[in-house]
Each structure stands twice: as C-alpha cells, then as structure tokens.
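Visitor: I am new to this structure. Please show it to me and walk me through the main parts.

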Amino acid sequence: MVAIENPFTKPLPQVTPTTQPYWDALKEEIVKIQYCESCGTHIFYPRSHCPSCLSPKLDWREISGKGTLHTFTVTSQPTAPHFADEVPQLLAMVDLDVGVRMTSTLKNVEPSEIKVGMSLKPYFDHMTEGITLLRFQPA
C-alpha cells in the first residue's frame, strides 16, 4: 500500500467540562464511562443526566474497555478528505461488556480477519495534539 500525504488537519474531539473525565482517563490508558447511581445503568456518551431515568447522579467508573464487535464497515474511500491517509478505514460498532455500544475504528487487524462477534480490547491512540482516542483491536 502506498502512503498518502494528507494535507488536511484531522478533526479532533472538543473537550467540555462534561467529557473531561473521559478524555483524562484515556490519556492514562484507562477507560472510564459514566454510571447512574440511581438506576445502575452504564452510560456512553458522556452527559449531564441519565438517559434511562433522567437522574443527575452520575459517577465515573473505570471499566475494562473489552467488548464484542457488533458490526463493521471497511471503506475503500475515505469518509472525508481528512482521513485519506487511513484508507482502508475500519469503522466499527462495539458492544462493551458493561452494556453500552460505541462507534470507533479498529487497529492491528487485517480487513479479511474482521468478524462480527469477535472479542476486542482497547487500543489507546495518542494523537500528537494531546488527545487520546479510544480505538479497538482484537483481544
């Protein structure tokens, strides 16, 4: 595969007071998500109130980050010009062991080896801009 020079700056997440604990934990290679103390639900994406019971009693809990591949797409065209250097993009929906689903990308796997239901573990992608992204790799 030929490396493609990417003239675009990749968009990065905008850290807010609500999401700060998530991003801080990822920098330390720890996965933390919110947990509702009122109804016992794990929550992702970060927010101010539980989507199940509307309680504001949310706490941050460390989790393993392990999960199962729910579905995936291998893109041969970049989803935006910013990602031209990542083709093929390995887009994934991951069911975490604690019961939440998140979208991400896969690392350290060949497209032909990707299978729905495969076990995954976290891959911490430390970006040069000081943000760490949570991606996934085969367990």
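Guide: One term before the tour: two strands pair if DSSP finds at least two bridges between them. Keep in mind that this is a predicted model.

Visitor: Which strands form the open sheet, and in what order?
Guide: The open sheet has 3 strands, and their pairing is antiparallel. Strand S2 (42–43) and S3 each pair on one side only, so by the pairing rule they are the edge strands. The order is S2-S1-S3.

Visitor: How many bridges link S1 and S3?
Guide: S1 and S3 pair in the antiparallel sense. One bridge sets Lys32 against Glu62 in S3. The count for S1 and S3 is 6 bridges.

Visitor: Is Val31 buried or exposed?
Guide: Val31 lies in strand S1. Its relative accessible area is 2%. Buried means under 20%, so Val31 is buried.

Visitor: Which residues is Val31 in contact with, leaving aside its neighbours within four places in sequence?
Guide: Several parts of the chain meet Val31. Among its contacts are Arg61, Glu62 and Ile63. The others named are Leu26, Gly65, Pro122, Phe124 and Leu134.

Visitor: How far apart are the C-alpha atoms of Val31 and Thr41?
Guide: Val31 and Thr41 are 10 residues apart along the chain. Their C-alpha atoms are separated by 16 Å.

Visitor: Now the helix. Why do the buried residues of H1 line one face?
Guide: H1 covers residues 20–27, and Tyr22, Trp23, Ala25 and Leu26 are buried there. An α-helix has 3.6 residues a turn, so residues three or four places apart point the same way. Seen down the axis of H1, the buried residues line one face because they fall within an arc of 160°.

Visitor: Which strands do the buried residues of H1 pack against?
Guide: Look at the buried side of H1. Two of its packing partners are strand S1 (31–36) and strand S3 (58–63). The list also includes strand S7 (119–126) and strand S8 (132–138).

Visitor: Which residue just after H1 takes a positive phi?
Guide: Step past the end of the helix. The phi there is about 60°. The residue is Glu29.

Visitor: How many bridges join S7 to S8?
Guide: S7 and S8 run antiparallel. Pro122 has Phe136 in S8 as its bridge partner. Their hairpin has 5 residues between the strands, and Gly130 takes a positive phi near 90°. The strands are joined by 7 bridges.

Visitor: What about S4: how many bridges join it to S5?
Guide: S4 also has a link to S7, where 2 bridges join the antiparallel strands and Gly67 is partnered with Leu120. Strand S4 (residues 67–75) runs antiparallel to strand S5 (residues 89–96). Thr68 stands opposite Asp95 in S5. S4 and S5 are joined by 8 bridges.

Visitor: Which element gives the most to the largest nonpolar core?
Guide: This core has 24 residues, and Leu106, Leu134 and Phe136 touch the most other members. H1, S1, S5, S7 and S8 each give two or more residues. The one that gives the most, with 4 residues, is S5.

Visitor: What is Leu134 in contact with, leaving aside its neighbours within four places in sequence?
Guide: Tyr22 and Leu26 are two of its contacts. Val31, Met102 and Ser104 are also on the list. The remaining names are Pro122, Tyr123 and Phe124.

Visitor: Which element gives the most to the lining of the largest pocket?
Guide: This pocket has a volume of about 510 Å³. Its lining has 23 residues, and Trp23, Thr103, Ser104, Leu133 and Leu134 lie nearest the centre. H1, S5, S6 and S8 each supply at least two residues. The one that gives the most, with 4 residues, is S6.

Visitor: Last stop: how does Glu110 count in terms of accessibility?
Guide: Glu110 is in the loop between strand S6 (101–105) and S7. Its C-alpha atom is separated by 9.8 Å from that of Pro88, 22 residues apart along the chain. Its relative accessibility is 49%. Exposed means over 50% and buried under 20%, so Glu110 counts as partly exposed.

Key: Residues numbered from 1 in each chain as written. Predicted model: local features only at pLDDT ≥ 70, side-chain atom pairs only at ≥ 80, totals over all residues. Heavy atoms only, no water. Buried < 20%, exposed > 50% of the residue type's maximum accessible area, 1.4 Å probe, protein only. Arc of directions from axis to C-beta. Contact = heavy atoms within 4.5 Å. Core = buried A, V, L, I, M, F, W, Y, C linked by side-chain atoms within 4.5 Å. 1 Å grid on protein atoms, 1.4 Å probe; cavity = no way out; pocket = protein on both sides within 12 Å on 5 of 7 lines; lining within 4 Å. Points joined across faces, edges and corners; volume = space filled by probe spheres on them.
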